[in-house]
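Student: Could you walk me through one part of this molecule in detail, starting with a charged pair and working outward? I'd love to see how the pieces connect.

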Amino acid sequence: MQQTKQVIIGVDPHKLSATIEVVDAHEKLLGSGRFTTDRAGYATMRKYVAGWPDRVWAVEGSNGAGRPLAQRLLEDGEHVVDVPAKLAARVRLFDTGHNRKTDARDAHSIAVVAVRTKTLRVLQLNGELEALRMLTDRREALTRRRVQTVDRLQALLAELLPGQAKKDITKGQAKTMLASVRPRDIAGKTRRRIAAEELAELIAVEAKIKKPTTELKANVLARGSHLMDPHGVGPVDAARTLADVGDVARFADRNRFASWTGTAPLDASSGEQNRHRLSRAGNRRMNHMIHIAAISQIRLDTDGRAYYRRKRAEGKKPLEAIRCLKRRISDAIYRQLLADAQLDAAQRACAGPGGHCGATQESSAVDLPPLIDTSDQPLPGPAESTLRPASTPRKPHATKNLAATG
């Protein structure tokens, strides 16, 4: 008999298998199973749940191990939400009193999280954002490979030329250093040959890095985004922001966005001392990107440096002043995302049938509004009179400093 009520399908994904548990709105177990992730196993899993037409798939780690399965489900028109691993772990601990894992227990915890949490991220297919994500992932992997190659090359050069090693070596410097040494013993010759191979790999990796960087810049500009305008935000950072944020409308305000980026301060007050500290929560890749932008602004002659120095003059410690600047940058990014989204919506409306401008009834939200804990409430922001209205589209030649718009 075909079911009519909505069910939640908790999925514990692995590379070669997926364990599922089907529950209703009251967390009553309706079905479970373990399926392989090849074509036959995937088809069998889809056939097994066909009796529940009104279903929601809750996949753990849809940005990690669960991404392939989540993408296949989306391509087949399924409704999929992302369940953070931390939430599932907490439910498993509360339900069992311990944190020992099994695939069946994990699937149950994931399903329970989806039943109880109404603000989970709703996944949707977006080819352009998926391309940005893949390109940024590719470039980050190449960058890590470059760092590892440089480390190996520096270690070899330090042995070939004691006392002449450089901290931040370039391929030109490495070529010059290698050309200046001609070892005669077998160990030295082997060391120089390996160093030459590492140098050749460094040159090849740097050439490969340029291609995705160029593509990312072109794709970001093609979307009409101005996230690359400010100091410290390059094409990779802008692309990562667009790919991870998706639809900025899922954030109710700048405070929710700051909580998601991990730039909303955490209260660390004690007694009469009123202070805040950096948050370790939120999207760590976004937090890292904002941190790099903040450090870049502090090093350069920008309004960000002036803001940082004002905070230091007020008695804040260096990390506290950086935290304030990071929050300021987060707010500016949020306003820019809003401005870009509003401009894009207006252009899409004007490009509709008949060429008439109007509001659209479609939503491209990839997330529901995230929760913000009371401890993540931000400090009072800048005066409203100093903020550029979010509804005002940013001009192409706008200010080059994020902190200036904060």
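Tutor: In this predicted model, D137 has a relative accessibility of 27%, so the residue counts as partly exposed. Its salt-bridge partner is R240, with the closest N and O atoms 2.6 Å apart. D137 belongs to helix α5 (residues 127-160) and R240 to helix α8 (residues 235-245), so this pair ties together parts that are 103 residues apart in sequence. The pair also belongs to a wider network, in which salt bridges with shared partners join R67, E130, R133, D137, E140, R240, D244 and R285. Now compare the two ends of our starting pair: the cut-off for buried is under 20% relative accessible area, so R240, at 4%, is buried, whereas D137 is partly exposed.

Stay on helix α5 for a moment, because L156 is there too, and this leucine is buried, with a relative accessible area of 15%. What does L156 touch, apart from its neighbours within four places in sequence? The contacts are R191, I194, A195 and E198. For E198, 42 residues away along the chain, the C-alpha atom sits 9.3 Å from that of L156.

Charged pairs turn up elsewhere too, since a search of the whole structure finds 26 salt bridges. Another one pairs D82 with R121, whose closest N and O atoms are 3.4 Å apart. D82 is in strand β5 and R121 in strand β6, so here the pair ties together parts 39 residues apart in sequence. D82 has a relative accessibility of 12%, so this aspartate is buried.

That brings us to the sheet. Its 6 strands run in the order β3-β2-β1-β4-β5-β6, the pairing is mixed and the sheet is open. At the edges are β3 (29-36) and β6 (121-123), each with a single partner strand, so one side of each has no neighbour in the sheet. On average, neighbouring strands are turned by 25° against each other, if direction is ignored. For one pairing up close, take strand β4 (residues 55-60) and strand β5 (residues 80-83), which run in the parallel sense and share 4 bridges. E60 is the residue that stands opposite V83 in β5.

Two helices pack on this sheet. Helix α1 (residues 39-48) touches β2 (17-23), β3 and β4, and its direction makes about 170° with that of β3. Helix α2 (residues 67-75) touches β1 (7-13), β2, β4, β5 and β6, and makes an angle of about 160° with β5.

How does α1 present itself to its surroundings? G41, Y42 and M45 are the buried residues to look for in this helix. Viewed down the axis of α1, the buried residues fall within an arc of 100°, so they line one face. The general helix rule helps here: an α-helix has 3.6 residues a turn, so residues three or four places apart point the same way. In α1, the buried residues pack against β2, β3, β4 and α2, while R39, A40 and K47 are exposed on the other side.

Helix α1 also takes part in a salt bridge: R46 pairs with D76, and the closest N and O atoms are 2.9 Å apart. Because D76 lies in the loop between α2 and β5 while R46 is in α1, the pair ties together parts that are 30 residues apart in sequence. Both ends are partly exposed: D76 has a relative accessible area of 41%, and R46 comes in at 22%.

One backbone detail is worth a stop on the way. E27 sits in the loop between β2 and β3, and its phi is near 65°, a positive value in a residue other than glycine. As background, most residues other than glycine have a negative phi. E27 is partly exposed, at 27% relative accessible area.

Finally, let's step back to the whole protein. There are 13 helices and 8 strands, and 43% of the 406 residues are buried. Of the contacts between residues at least 6 apart in sequence, 62% join residues at least 24 apart. The exposed area is about 22100 Å², with 54% of it supplied by carbon and sulfur atoms.

Terms used: Residues numbered from 1 in each chain as written. Predicted model: local features only at pLDDT ≥ 70, side-chain atom pairs only at ≥ 80, totals over all residues. Heavy atoms only, no water. Buried < 20%, exposed > 50% of the residue type's maximum accessible area, 1.4 Å probe, protein only. Contact = heavy atoms within 4.5 Å. Areas by Shrake-Rupley, 256 points an atom, 1.4 Å probe, with all protein chains shown as cover. Pairing = 2+ DSSP bridges. Axes fitted to C-alpha atoms, helices over the stretch in contact; angles between N-to-C directions. Salt bridge = Lys/Arg side-chain N within 4 Å of Asp/Glu carboxyl O. Arc of directions from axis to C-beta.
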